[in-house]
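Me: Could you walk me through this structure in a few questions and answers?

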Protein chains: 2
Amino acid sequence: MSETQMPTQRTRVVREPERGVYDRAAAYRILDEGFICHVGFSLDGQPFVIPTSYGRKDANLYIHGSAASRMLRQMKEGVAVCVTVTLLDGLVLARSIFNHSMNYRSVVILGKATLVDDPEEKLTALRALSEHIVPGRWDDARQPNERELKATSVLRVAIEEFSSKVRTGPPIDDAEDLAFPTWAGVLPLEMKAREAIGDENSLAGKAVPEYVKGYTRKG
Amino acid sequence: MSETQMPTQRTRVVREPERGVYDRAAAYRILDEGFICHVGFSLDGQPFVIPTSYGRKDANLYIHGSAASRMLRQMKEGVAVCVTVTLLDGLVLARSIFNHSMNYRSVVILGKATLVDDPEEKLTALRALSEHIVPGRWDDARQPNERELKATSVLRVAIEEFSSKVRTGPPIDDAEDLAFPTWAGVLPLEMKAREAIGDENSLAGKAVPEYVKGYTRKG
């Protein structure tokens, strides 16, 4: 899991190369904390970027959706995709506007999305997806029946050609700006769960499960 | 501001069409709450999706970055882009795995990114970008000098061809699942600021500004 791969010409971080990370374990940590990706593909020369949820199992990313979706219709024909996951950690307020930045961690995966045909891999992928987003939910819910499995498309993107980009830490000001009379620092941002809201059909005695109450994306 | 436009064939929401919103004011509310977009473009047949910050001024979206970036190098030649902004509001836990969903608001803009050449528009755009992300910061920081302005590229994307997609509310289970013995409901998620961290060069007496202390993206 500590494999570090050489970036390809397409995944090498060009801008701020010191932020480039090519370590597979580091990419997995980012992918495992997130669960929304932005999938890019091209259709008649027009790029589209669609947000969707995903799960990871080993070196595969799985995304799913209705078989009717424009994105999936296009993808199962095997076109090139880019899958990007971004975690925002904070605003970086420097003394100069020019040196303002953000703390973030992102992964960009280039590859092909392939339709998962095998029913067994499909079920495994859907379980991985569900457990990726809400660990503990799969066994606690009514699992997919045959009709639902048929209505669901699952796509596999191999995590082969990828790069991560990470910025952490305080602002980096030019030396001559250090005396500029303003506050400078980091405003940390995080995604937080509020209190869960049961729906109106909730059965008596069904309390909010622990995996919902204690929900966090931090490992 | 209550203009509703007909979707084009490219922006019409195909999947779950009841979630499609084509109202300009609704799109602006989403764009103004967010500040990270995912920009898609194609390079030698390969789609790329890059996260970056943005600002809105009237019917234009502005993004910026070092003139060296791969994305910007490509874009100033006037290629087609897709800019997507996604706000995640919650996990929707239904009784069946199949009906699990997310509450979210997203905007997809199709268009061309054009390099802003005019120095005055560039400065206006950078101010709009800064004020979009941290209102109040521009006047409180050292503003860009000529060298910095030259080193910064700003791109304009007109908000013309766009659509929004919104899901809110509780899970929608099939009637026959309502008796399934599990908790169901929504786990609301939100982006929260933690306490600001001043950097080690902070001048004595420079307290955390109010616009940082009270930071929120909610209007």
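**Loop, core and symmetry**

A:Glu160 sits in the loop that joins strand 7 (152-158) to strand 8 (161-167) of chain A; strands are DSSP runs of E, at least two residues long, numbered from the N terminus. This is a predicted model, in which local features need pLDDT of at least 70, side-chain atom pairs count only at pLDDT 80 or more, and totals for chains, interfaces and linings use all residues. Residues are numbered from 1 along each chain as its sequence is written, while chains are lettered from A and ligands numbered from 1 in the order in which they are written.

Me: Is A:Glu160 buried, exposed or partly exposed?
Reply: Buried takes 20 or more other C-beta atoms within 10 Å of a residue's own, exposed 12 or fewer, and partly exposed lies in between, with C-beta atoms placed from the backbone. A:Glu160 has 15 such atoms within 10 Å, so the residue is partly exposed.

Me: How far apart in space are A:Glu160 and A:Leu87?
Reply: In sequence, 73 residues separate A:Glu160 from A:Leu87. From C-alpha to C-alpha, the distance is 20 Å.

Me: Which relation do chain A and chain B have?
Reply: Superposition is by least squares on the C-alpha atoms of residues with pLDDT of at least 70 in both copies. Chain A falls on chain B after a rotation of 180 degrees with 0.0 Å of shift along its axis (RMSD 0.0 Å). That is therefore the relation of a two-fold axis.

Me: Which residue of chain A comes closest to the rotation axis?
Reply: Judged by C-alpha, the closest approach is 2.2 Å. The residue is A:Met191.

Conventions
Helices (H or I, at least four residues) and strands (E, at least two) are DSSP runs, numbered from the N terminus.
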